[in-house]
Amino acid sequence: MKRLSGILTIFVIILLFMVLIFHKDVPYEPQKHSYKPSPVIDTPQREPDTTVTIDGVDYYKSGAKNGKFGGEFFISTIGEGPKTFNPFNAMDATSSTMGGIMYDGLLTSNPATGEVIPLLAKNYTISPDGREYTINLRKGIKWSDGSPITANDVIYTYKEIIFAGLGNTSTRDMMVIDGKLPIVEKIDDYTVKFTTVKPFAPFLRQLSTPIAPAHIFKPVSDKGADAFNTFLSTDINPDNLVISGAFRLKEYVPAQRVVYERNPDYYKVNTNNEKLPYLDKIVYFIVADFNNEILKFEAKEIDMISIRGANVARYKAKEPTSDYTVYNLGPDTGTMFITINLNTRKNKDGKYNVNPIKQEWFANKNFRAAIDYALDRKSMVMNIANGLGVPLFTAESLNSIYLNKNLKGHERDLKHARELLIQGGFYYDKNGKLRDKNTNYVEFDLFTNAGNTEREALGVMIKQDIEDLGIKVNFKPIEFNSLVNKLVNTYDYDMAIMGLTGSPLEPHSGKNVWYSSGPLHMFNQRPAGYNIDDRLPMEKELDYIFDEAALKTNFEERKKLYDRYQEIIYDEKPMIYLYSPIRIIAARNYLKNLYPSSLSGIGYNLDEIFIDKTN
């Protein structure tokens, strides 16, 4: 699923702990196309990962280089820190990452190719008709309190959390097929079977969702949604956590740091059959903005940093005499855009928070197109990304295997933008100010999250670009949670600069954004139980596409549908895309077992990373 990416630094990847492991051949493969790594990345080779059974325990055996145990890894996250440690409640990227560190899923993705591979599962098979998915769990692996991880935990997680609609419902929403959820059943203590009503191409990737310890979560979920929504909040006593991941929360100091400690009973081992992870601790410093992050890196307080704009050349020039290496990871896998508020209904509090005059402007397709043509994306790339980026016009990232390459974009064209405004019923007064047909001056607010210096700089440029059309723009950076609340709860915003994480492998992960009932359908957000008849024409077609494409198992058939969804967004412009930065990461040379990937970034394999300062 896609998540709001306003807080997390770029090197923290889409999914943490993506790992490599062989699995049994299956008779049905819903996705034949795999990701092609960027040619600019030189990724070290590693031995294949395997499963080894020791004293009845099916350990995951890492093929990475054997390392040294001990040490602490210091990184950073921008913003105010996590809002919860419950991975099922997370709505933002930071909370998702912080909770996800502690809980593994049945399956994950190969960080180089994107192939779906086992994690808590030992292997899986798919029936010839593509409807039954049999998951064989690793035998003998345990939760951190010593309890066995079994099929009961899987059944509980899917039936009583995900399918019951507790927490963030995105995973459940993306698994609905013809209005029905899959059936999940226990075959034995270490085998579960999922059955879908039809072959469902994205299904395997949904099984990366964390699995919860039933004996810990069930007493809470039995009390209802309110109890579950506050479970594992940021004031939790870390001693009460029961986890399956490589690291467990040790300490959380609000607005300062999040500290994780090694899980000594993790189910992964190195080639010497020694239990991973190598690191004793991971420390996330919570920093206010990119500038503070740079200061921490240069003071050697953190070990890895995402470098932006003008800093890249300086870091690269200093690299030969420094203690770090600069990695070019290719285009970002997420997207950055302006979302335009098309909402005309009441919010969750039963109030209308959208100005009806502005709403008429935003509903005007010519007005939205004029905004698009007024934007100088090339200047954004040159001035903000220091040339390390590419203008973006599509809802899919530039490295997506589903990218619609026929959508070429356009140059900035103020003349055409003004023509579009005139066609849309607007006119210019004698002072060159834009007015609507009722003589109202055109003025609106543009929001983004404060502290994200890249988006703040974008806001300044976008404000000027749009004001060249005679429109007044009030640019307002605000706290991230306040911005999210405006987008998905109160609807009281005009336009906002935002970003989303994404998967270059599976557009269905964006269903929570594009489906009319999606929890992140921010340009026209709806409360639960909305009237389906109030959908815009483009929303009706997007709903159809995301329902239909998920049922296609042929790549070309799916791509045709996803090409069309990108055309709709490109033509209708409810969200206007800006540019895709190139991901540049600097990492200390004493960090070993780094396997940079254009798909997954760097630092994703925290359980394999070790520190060696002997050189």
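# Exercises on strands, pockets and cavities

In this predicted model, F447 stands opposite A496 in strand β22, and the exercises below start from that pair.

**Exercise 1.** Work out which strands pair with β20, in which sense they do so, and over how many bridges.

*Solution.* Begin with β22, which covers residues 495-500 and pairs with β20 in the parallel sense over 2 bridges. Next take strand β21, residues 472-478, which pairs with β20, residues 443-449, also in the parallel sense, here over 7 bridges. Single residues show how β20 and β21 are set against one another: F447 stands opposite K476 in β21, and N449 stands opposite I478 in β21. F447 thus has a residue opposite it in β21, namely K476, and another in β22, namely A496.

**Exercise 2.** Find which helix joins β20 and β21 in a β-α-β unit, state the hand of that unit, and decide whether β20 is mostly covered or mostly open.

*Solution.* The helix is α13, residues 453-467, and together with β20 and β21 it makes a β-α-β unit that is right-handed. For the second part, apply the cut-off by which a buried residue has under 20% relative accessible area. Of the 7 residues in β20, 6 are buried, and the strand is therefore mostly covered.

**Exercise 3.** Give the order of the strands in the open sheet that contains β1, and explain why one side of β1 and of β12 is left without a neighbour.

*Solution.* The sheet has 3 strands in the order β1-β2-β12, and its pairing is mixed. Because β1 (50-54) and β12 (268-269) stand at the edges, each has a single partner strand, so one side of each has no neighbour in the sheet. For β1 the pairing with β2, residues 57-61, is antiparallel and runs over 5 bridges, and within it the bridge partner of T50 is K61.

**Exercise 4.** Describe the largest pocket by its volume, its lining and the helices that contribute to that lining.

*Solution.* Start with the volume, which is about 1000 Å³. The lining is made up of 40 residues, and those nearest the centre of the pocket are M91, N168, T169, D173 and P519. Sorted by class, the lining residues are 14 nonpolar, 17 polar and 9 charged. Turning to the helices, α3 (170-174), α6 (225-229), α14 (480-490) and α15 (511-514) each supply at least two residues, and α14 gives the most, with 6 residues.

**Exercise 5.** State how many cavities of 30 Å³ or more the structure holds, and then identify which elements and residues line the second largest cavity.

*Solution.* The structure holds 5 cavities of 30 Å³ or more, and the second largest cavity contains about 70 Å³ of space. Its lining consists of D372, R377, L392, F393, I569, Y570, K573, M575, I576 and Y577. Both α17 (555-572) and β23 (575-577) supply at least two residues of this lining, with β23 giving the most, 3 residues. By class, 7 of the lining residues are nonpolar, 3 are charged and none is polar.

Definitions and conventions:
Residues numbered from 1 in each chain as written. Predicted model: local features only at pLDDT ≥ 70, side-chain atom pairs only at ≥ 80, totals over all residues. Heavy atoms only, no water. Pairing = 2+ DSSP bridges. Helix = DSSP H or I, 4+ residues; strand = E, 2+ residues; numbered from the N terminus. Right-handed = clockwise from strand over helix to strand, strands pointing away. 1 Å grid on protein atoms, 1.4 Å probe; cavity = no way out; pocket = protein on both sides within 12 Å on 5 of 7 lines; lining within 4 Å. Points joined across faces, edges and corners; volume = space filled by probe spheres on them. Nonpolar A, V, L, I, M, F, W, Y, C, P; charged D, E, K, R; others polar. Buried < 20%, exposed > 50% of the residue type's maximum accessible area, 1.4 Å probe, protein only.
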